[in-house]
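Subject: Structure for you to look at

Hello,

Here is the structure I said I would pass on. Please open it before you read the notes under it.

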There are 2 protein chains.
Amino acid sequence: MDTPDLNRNWTEDEENQPIGRRIQRLSLHLTPVPRQLGDLQLRTLTCAARTKLNVDAKSLSFFMRGKHRDIQEKVFYFFNARPELQTPVEISKDDHRELCMRQLLALVREAGVRPFKYVTDEPSKYFAILEAVGSVDMSLGIKMGVQYSLWGGSVLNLGTKKHKVKYYDGIDNMEYPGCFAMTELHHGSNVQGLQTVATFDPITDEFVIDTPNDGAIKWWIGNAAVHGKFATVFAKLMLPTHDTKGVSDMGVHAFVVPIRDLKTHQTLPGIEIHDCGHKVGLNGVDNGALRFRSVRIPRDNLLNRFGDVSRDGKYTSSLPTINKRFAATLGELVGGRVGLAYSSVGVLKIAATIAIRYSLLRQQFGPPKQPEVSILDYQSQQHKLMPMLASTYAFHFATLHLVEIYSEMKKSHDEQLVGDVHALSAGLKAYVTSYTAKSLSICREACGGHGYAAVNRFGSLRNDHDIFQTFEGDNTVLLQQVAADLLKQYKEKFQGGTLAVTWNYLRESMNTYLSQPNPVTARWESEDHLRDPKFQLDAFRYRTSRLLQSVAVRLNKHTKTLGNFGAWNRCLNHLLTLAESHIESVILAKFIESVKSCPDASSRAALKLVCDLYALDRIWKDIGTYRNVDYVAPNKAKAIHKLAEYLSFQVRNIAGELIDAFDLPDHVTRAPIAMQSDAYSQYTQYVGF
Amino acid sequence: MDTPDLNRNWTEDEENQPIGRRIQRLSLHLTPVPRQLGDLQLRTLTCAARTKLNVDAKSLSFFMRGKHRDIQEKVFYFFNARPELQTPVEISKDDHRELCMRQLLALVREAGVRPFKYVTDEPSKYFAILEAVGSVDMSLGIKMGVQYSLWGGSVLNLGTKKHKVKYYDGIDNMEYPGCFAMTELHHGSNVQGLQTVATFDPITDEFVIDTPNDGAIKWWIGNAAVHGKFATVFAKLMLPTHDTKGVSDMGVHAFVVPIRDLKTHQTLPGIEIHDCGHKVGLNGVDNGALRFRSVRIPRDNLLNRFGDVSRDGKYTSSLPTINKRFAATLGELVGGRVGLAYSSVGVLKIAATIAIRYSLLRQQFGPPKQPEVSILDYQSQQHKLMPMLASTYAFHFATLHLVEIYSEMKKSHDEQLVGDVHALSAGLKAYVTSYTAKSLSICREACGGHGYAAVNRFGSLRNDHDIFQTFEGDNTVLLQQVAADLLKQYKEKFQGGTLAVTWNYLRESMNTYLSQPNPVTARWESEDHLRDPKFQLDAFRYRTSRLLQSVAVRLNKHTKTLGNFGAWNRCLNHLLTLAESHIESVILAKFIESVKSCPDASSRAALKLVCDLYALDRIWKDIGTYRNVDYVAPNKAKAIHKLAEYLSFQVRNIAGELIDAFDLPDHVTRAPIAMQSDAYSQYTQYVGF
């Protein structure tokens, strides 16, 4: 018999016997007779027994909680005390829309939570409310976002004082529910391709809004199908000229258009509204489609912060070109992305909490003649959930940071900060929402059949969150903006320009990273080395720098034959990988910083463990890239894999505490299988036993 | 300035100029002015222009179609002609359940499609009906499966002639709707842990069925909440003994238990039924929870094929042990997995058709002053959808093959085939359903906002299909069965035993694969070499063999310190990777065979292209493994990546034809955005314009 060459210290008999028995047992689904199992024994079942960290969930939670926890708790308790305002597990679309409106009105008028003023004055408080409200019902979070960030935000940010005077109170107190009518049937991502027109009529001093063809019907407009009274409509501003062309296209501008009568709620003349119908999720939000037929609005309804039309039809703007004006307009909308990234982490926390609490509770199979073990003791379950838990922590710190710099930007309007916030909000929104979307499916699957009960929430969380990947900027498009920004930074580096704050590592270290990998360190494999933040961050940044440099070379090469558009497309996968890689490094850097700043030693140790898992799991996931350039030698690759598995096991040992530190009470998580006491009996009670 | 060392043939000016312009354009979302664009130009935009394959969708479709296409078309046309039997986009749980029952009754009693006889006599026809019915409404497919494969199948396969005589007609004509009551609240995967008991009472010649505790409540039982009259209940058979123990546990057996009165439909005494409530999907199926309180059934109701009890309480069986009887019992249920794997491919075909047709239709952005391009022309969209399309083809052939060998097994009962079907059905069910589940999310995301409209189906397809990963065997558990089977084969190889048909490559080539990789071929990178089926299959099998051999060594090592259970768990991720790797090779081998057997040259060329993409995409996804053992040198890794991207582009060029070959008419795909003509206008009409 040819013995395989790797087969050492191992005889055929030894090989066959235990494996054979295991196989038989597995295939027959044998059940053990219950017997008490010591803690130590349990640990040896799953991995080498080493000391478990001692974590104080309360002190960790204190470090984690945002500064606006009080208003979040106010939201939680308000809805918890009002069962008639809670969304039932099954509800029709129409009932859901009405309930969602009642929830929002109650929040504003009864609970006295008035989010509007925070949109501009204290964004971190606004996002905290948004997250809390979203955990009550994600539809409510989005409906609130449509009213205050989109409709309200467009009036505040794109309009001028006259608009604020006219609309502020009605928006704030919900007497003026409104819409944000940007997307059209044919144009979502390519906003400059919008075809709706607003033609100035100098005789009546009005704009005339028109939908020139079916493709230009405003589509997916939240609040339009049922509740909206106004809409901010994005349309190409057409000004009459005195030449043969007749009109001149001044580019896309925003206009306030009343769509329903304030008293009768009748749809106004010239406006046709249809219901976009049932959606995959978020059915509490009434999305509609709008067609305009010569709808006349006063000239004052142009939101004229970045461009204005005078009584005699002359255009004025502080910004010189259509593109600059359009960029300024869109730039004001970046807050939506910040909110989505932040709320997406909130969703991930809820899902991870439910999946991990249930995985600790649920027992299935076990060693012969011993009790069954928690499914979280299986390496496969740790593999599904522990890197996810680590990512949740990583995203928590990264999005808190994003909210901070966004708030700072809103105050200082510092140009460098503006660029930084734009790119970071695009990147984090794309990366975090894609990750959360995938994780929600993993959580459902990891909880098996009981994860499929609607009451345990994975279905609605996934369906509601799904569109986070698409709205406020399609993730694939946003990542390209990140890549484009990196290339711009790269270019500036070689021209001696300044680099934006978040990615100045490119400046510091591009040359170092682009030298050939060190063949000595490529073999280092000790735990101390692999858990050294410097190694981890260097590895992440090396990859980003390498991807950046190589894609720049490729773009340059292909541009000669394919042109800019063709070259960009030819390198598109490469560019997306670059953007993701960059965002991963930014997240890691922020996580490492947060670990260092944690004052409590036991919490800091727990966070360090979680951070190491985040870092090594990501490096292992892309090990091919590191191996291809010999940044990591085979022995080191193996050591990284082994350590990542071991860290998953270590994190599993404190998973309960890490979840507790999210501080989500049972009336927020709501899933019976995740209740902190008597989960099964709460589940059977729910079903009627 | 330090020029990065990889930066050749490239000056700073060249670098900055076009990239800078591109960045500016991207970040500003510039729209081009429409202008006609030649086909050649379009192709050069995205990739090097090479000749496009000429594919005849009809001839390809003819090769692809199963032999039972006629009955599938009968199903499609029946429901298409009966609008009142079509499931609306929004429907309440209760209405859905009633509609689903009406659909099933109409199928059986009006369309004259009687699936029951095919369950045993012609399984390939049964699975074809199941797939077609599932595409009408997945709930209907599952309800049909519960009635005929599970409830009906348990009577036919676990019972004896007396049961067939008594129940056949009622099951066939739907007068006896029934349930399959296996899973309990506390036990899903670990079926031998079931706690429901059936105690024989020799005085009355009855079994007494009892639910001893809340954890033993039968849970998720399809047809139980509303429609079921009977249930096949799995319970531990308890026989009275004459010693102090009182009863002896003979292991899990199946019993027919009437649960509702045949005439009044009242729940029978001692039986408590509750509704499991709203689910993530499949709400047309009425899942219920059942508790038994001393429910008495005649002795004849034991399904006694593998074990029987005599009038005086003596146990007889042709099989010697509890484990063998249990294995035989579960073994009869393997058909469910075959059906799920097969139907899952059906779901993937529908989703891929909708996503790809829409991606061809949808245009967004484009080169300056030229028309916008189809989003399928973007490399990123090709990356999302083309390997998925290739996998759909791969799974099509693999599951057709599985159905064939399953049918053969049902006829011949050949022992080797039984083992083969068991492992392959477990592996394909797990692999295919996990892949489809992920793909459904990718399709939704790839179709942006319009993918979020419920009418475009990604939501319901995903929600309904989601549980395919869990029921009839949790995927993580099933993959372990595959791994266990491979280890058994491995062991037998070294003992000179025979190897099952599907994986005899292990026998043929284990020794070859386990030698060190050839440093010369590891550098080969020509397209001919990479597209050579021998290279591809060798690479897949090398990986499997290596994983198998190394996990055997590790299991052996850890068993000494951790015991069997601990060692298995310590290697669990490794074992799951092994199982997936093996299934991937089996799928590839079957695909290569199918390509070869295709008689039409143009179809064959198309299939070869698709097969190459499947193979190279999978190798690239796991390039780290290949690199770690130097099976693939860095230059070859790069060539594989480049070729996989290029093949995605090539497949994109025939994507329309490849989708057409699935032969899914518009009334089956149903999504307005995927209609073969006037998709947008059908979509606007749906919304009410």
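The notes below cover salt bridges, one strand and one surface patch.

This is a predicted model, in which local features need pLDDT of at least 70, side-chain atom pairs count only at pLDDT 80 or more, and totals for chains, interfaces and linings use all residues. Residues are numbered from 1 along each chain as its sequence is written, chains are lettered from A and ligands numbered from 1 in the order in which they are written, and side-chain values use heavy atoms, without hydrogens and water.

Salt bridges (a side-chain nitrogen of Lys or Arg within 4 Å of a carboxyl oxygen of Asp or Glu) number 74 over all chains. One of them joins A:Asp612 to A:Arg531 (2.6 Å, N to O). These two are 81 residues apart and link distant parts of the chain. A:Asp612 is buried at 1% relative accessible area, and A:Arg531 is buried at 19%; buried means under 20%, exposed over 50%, and partly exposed in between (1.4 Å probe, protein chains only).

Another salt bridge joins A:Lys534 to A:Asp538 (2.5 Å, N to O). Both are in helix 18 of chain A, four residues apart, so about one helical turn separates them. Helices are DSSP runs of H or I with at least four residues, and strands are runs of E with at least two, numbered from the N terminus. A:Lys534 is exposed, at 53%.

In chain B, strand 1 runs parallel to strand 5, with four bridges between them; strands pair if DSSP finds at least two bridges. B:Ala181 is opposite B:Val233.

Lastly, A:Glu408 lies in helix 12 of chain A and is partly exposed, at 46%.

Regards
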